[in-house]
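Open the model in your viewer and keep the selection tool handy. We will go from stop to stop, and at each one there is something to select and something to look for.

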Amino acid sequence: QVQLVESGGGLVQAGGSLRLSCAASGSLASINAMGWYRQAPGKQRELVATITSGGRTNYAGSVKGRFTISRDNAKNTVYLQMNSLKPEDTAVYYCNAGQSRGATYYGYDYWGQGTQVTVSS
């Protein structure tokens, strides 16, 4: 089992920044990549960014150039730095653990509790 605990959400004005953190613990041997998803009200959960254990990153087009995913392997922690936030970034953000095979991320059914990000206009 893998446990994921997110923190760092909140309310921010458009154009502002937030940093999310996700601390992973448990049986991490099968995990070689982490991802951030988000789900806005009435919408499907979407993949926002992923990072492999080697540091390779991938982003959704809607956040590319504004969001940065990073990790501290020694702390088993993944971060999502979100800059130039827009009202459409408002959502619950979830951390996920999984595998990266080539350019594809396969998320396992390991999720954090979610953290609310609200961007006001």
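Start with the hairpin of E9 and E10: two residues lie between the strands, and Gly102 there takes a positive phi near 65°. Strands, here and below, are DSSP runs of E with at least two residues, helices are runs of H or I with at least four residues, and both are numbered from the N terminus. The two arms of this hairpin pair in the antiparallel sense over five bridges, where pairing requires that DSSP finds at least two bridges between two strands. To see one of these bridges, select Ser100, which stands opposite Tyr105 in E10.

A word on what you are looking at: this is a predicted model, in which local features need pLDDT of at least 70 and side-chain atom pairs count only at pLDDT 80 or more, while totals for chains, interfaces and linings use all residues. Residues are numbered from 1 along each chain as its sequence is written, and side-chain values use heavy atoms, with hydrogens and water left out.

Now colour by pLDDT, the predictor's confidence in each residue from 0 to 100. The protein averages 95, and 100% of the residues score at least 70. Where is confidence lowest, and where is it highest? Strand E10 (residues 104–111) has the lowest mean, at 92, and strand E2 (residues 10–13) the highest, at 98.

**Along strand E9**

Select E9 next. Nine of its eleven residues are buried, meaning under 20% relative accessible area, whereas exposed means over 50% and partly exposed lies in between (1.4 Å probe, protein chains only). Besides E10, E9 has E4 as an antiparallel partner, over seven bridges; pick Trp36 and you will find Cys95 of E9 opposite. Three bridges also join E9 to E11, again antiparallel, and there Ala91 stands opposite Val117.

**Into the core**

Stay with Trp36 and show the side chains around it. A nonpolar core is a set of buried Ala, Val, Leu, Ile, Met, Phe, Trp, Tyr and Cys residues joined through side-chain atoms within 4.5 Å. Which members of the largest core touch the most others? Of its 29 residues, they are Met34, Trp36, Leu80, Met82 and Tyr93. Strands E1, E3, E4, E5, E7, E8, E9 and E11 each give two or more residues to this core. In soluble globular proteins, nonpolar side chains tend to be buried together.

Centre on Leu80 and list its contacts, that is, heavy atoms within 4.5 Å. Beyond neighbours within four places in sequence, they include Leu18, Trp36, Val48, Phe67, Ile69 and Tyr93. Leu20 stands opposite Leu80 in E8, as part of the antiparallel pairing of E3 and E8 over six bridges.

Next, pick Thr50 in strand E5. Is this residue buried or exposed? Thr50 counts as buried because its relative accessibility is 10%. Among its contacts outside the local sequence are Met34, Arg56, Ile69 and Tyr105.

**E1, E3 and the loop that follows**

Select E1 and E3 together: they are antiparallel and share six bridges, with Ser25 of E3 as the partner of Gln3. Gly26 is also in E3 and contacts Gln1 and Gln3. Its C-alpha is 4.7 Å from that of Val2, although 24 residues separate them in sequence. Then move to Ala29, in the loop between E3 and E4. Ala29 is 9.8 Å from Val2, C-alpha to C-alpha, and counts as exposed because its relative accessibility is 83%.

**Two loops with a positive phi**

Most residues other than glycine have a negative phi, and most peptide bonds are trans. Select Asn76, in the loop between E7 and E8, and read a phi of about 50°. Ser84, in the loop between E8 and E9, also has a positive phi, near 50°. Both are partly exposed, Asn76 with a relative accessible area of 36% and Ser84 at 40%.

**Zoom out**

Finally, show the whole chain: zero helices and eleven strands. The C-alpha trace spans about 40 × 30 × 25 Å along its principal axes. Of the 121 residues, 42% count as buried.
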